[in-house]
Amino acid sequence: MTNRYGGSCLCGTVAFEVEGDFERFYLCHCVRCRKDTGSAHAANLFSSSARLHWRSGQENVRSFGLPGTRHRRSFCSVCGSALPDLQMNGELLVVPAGSLDTPLALAPDAHIFTASRADWDHELERIPSVERYPD
């Protein structure tokens, strides 16, 4: 049976489906991914065999490639949410894990580019956890 994952952007303008399996799931701490997300790392799923199907809003998908590098990202032109991107001439599908609406039964394979991690990105599991916005 083929796995199917649905996803969308924050505003709901763009919706997609991924059909197939992910081969890797990395949390990338490189400076470029931190800039892309505004966070400690990007959480991306990778597949060389899965197929991407845009369900709605494909005309609102924009891509940015950093000149002189292989770094690329796609996003919704309305809300800016990260979206799947076909890279390496369509040979590699990169899907931001947070863009999926379907539960994902995979755990990340590794933290990568940890030598570039933010100065404040250490022992985050020790910080108190609060289920909603603190009072």
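## The biggest pocket

Helix H1 gives the largest pocket the biggest share of its lining, five residues. That comes from a predicted model, as does everything else below. The space in this pocket comes to about 810 Å³. Thirty residues line the pocket, and the ones closest to its centre are Cys33, Asn44, Phe46, His71 and Gln87.

H1 covers 31-37, and it has company: strands E3 (24-28), E4 (42-47), E7 (72-76), E8 (82-83), E9 (85-87) and E10 (92-96) also supply at least two lining residues each. What sort of residues make up the lining of the largest pocket? The split is 16 nonpolar, six polar and eight charged.

## The nonpolar core

Nonpolar side chains tend to end up buried together in soluble globular proteins. Here, the largest nonpolar core has 18 residues. Phe16, Val18, Leu45, Leu83 and Val95 have the most contacts inside this core. Strand E2 (15-19), E3 and E10 are the elements that give two or more residues to the core.

Take Leu83 as an example. Even with neighbours within four places in sequence set aside, Leu83 touches a long list of residues, including Phe16, Trp54, Val61, Phe75 and Val94. Ser8, Cys9, Ser74 and Cys76 are also among the contacts of Leu83.

## Cysteines without a bond

A disulfide is a covalent link between the sulfur atoms of two cysteines. How many disulfides does the structure hold? The count is zero. Cys11 is in no disulfide, and its nearest cysteine sulfur, the one in Cys9, is 3.7 Å away.

Why is Cys79 not bonded to Cys11? The closest cysteine sulfur to that of Cys79 is in Cys11, but at 3.7 Å it is too far for a bond, because a disulfide needs the two sulfur atoms within 2.5 Å. As for the surface, Cys11 counts as partly exposed at 39% relative accessibility, and Cys79 is also partly exposed, at 29%.

## Two positive phi angles

Most residues other than glycine have a negative phi. Phe113 goes the other way, with a positive phi near 55°. This residue sits in the segment after strand E11 (110-112). Is Phe113 buried or exposed? Phe113 is exposed, with a relative accessible area of 55%.

Glu123 is not a glycine either, and its phi is positive at about 55°. Glu123 is also found in the segment after E11. With 48% relative accessibility, Glu123 counts as partly exposed, because exposed means over 50%.

Definitions and conventions:
Residues are numbered from 1 along each chain as its sequence is written. This is a predicted model: local features need pLDDT of at least 70, side-chain atom pairs count only at pLDDT 80 or more; totals for chains, interfaces and linings use all residues. Side-chain values use heavy atoms; hydrogens and water are left out. On a 1 Å grid over the protein atoms alone, a cavity is a set of points where a 1.4 Å probe fits but cannot get out, and a pocket is an open set with protein on both sides within 12 Å along at least five of seven lines; lining residues have an atom within 4 Å of a point. Grid points are joined across faces, edges and corners, and a volume is the space filled by probe spheres set on the points. Helices (H or I, at least four residues) and strands (E, at least two) are DSSP runs, numbered from the N terminus. Ala, Val, Leu, Ile, Met, Phe, Trp, Tyr, Cys and Pro count as nonpolar, Asp, Glu, Lys and Arg as charged, and the others, Gly among them, as polar. A nonpolar core is a set of buried Ala, Val, Leu, Ile, Met, Phe, Trp, Tyr and Cys residues joined through side-chain atoms within 4.5 Å. Buried means under 20% relative accessible area, exposed over 50%, partly exposed in between (1.4 Å probe, protein chains only). Contact means heavy atoms within 4.5 Å.
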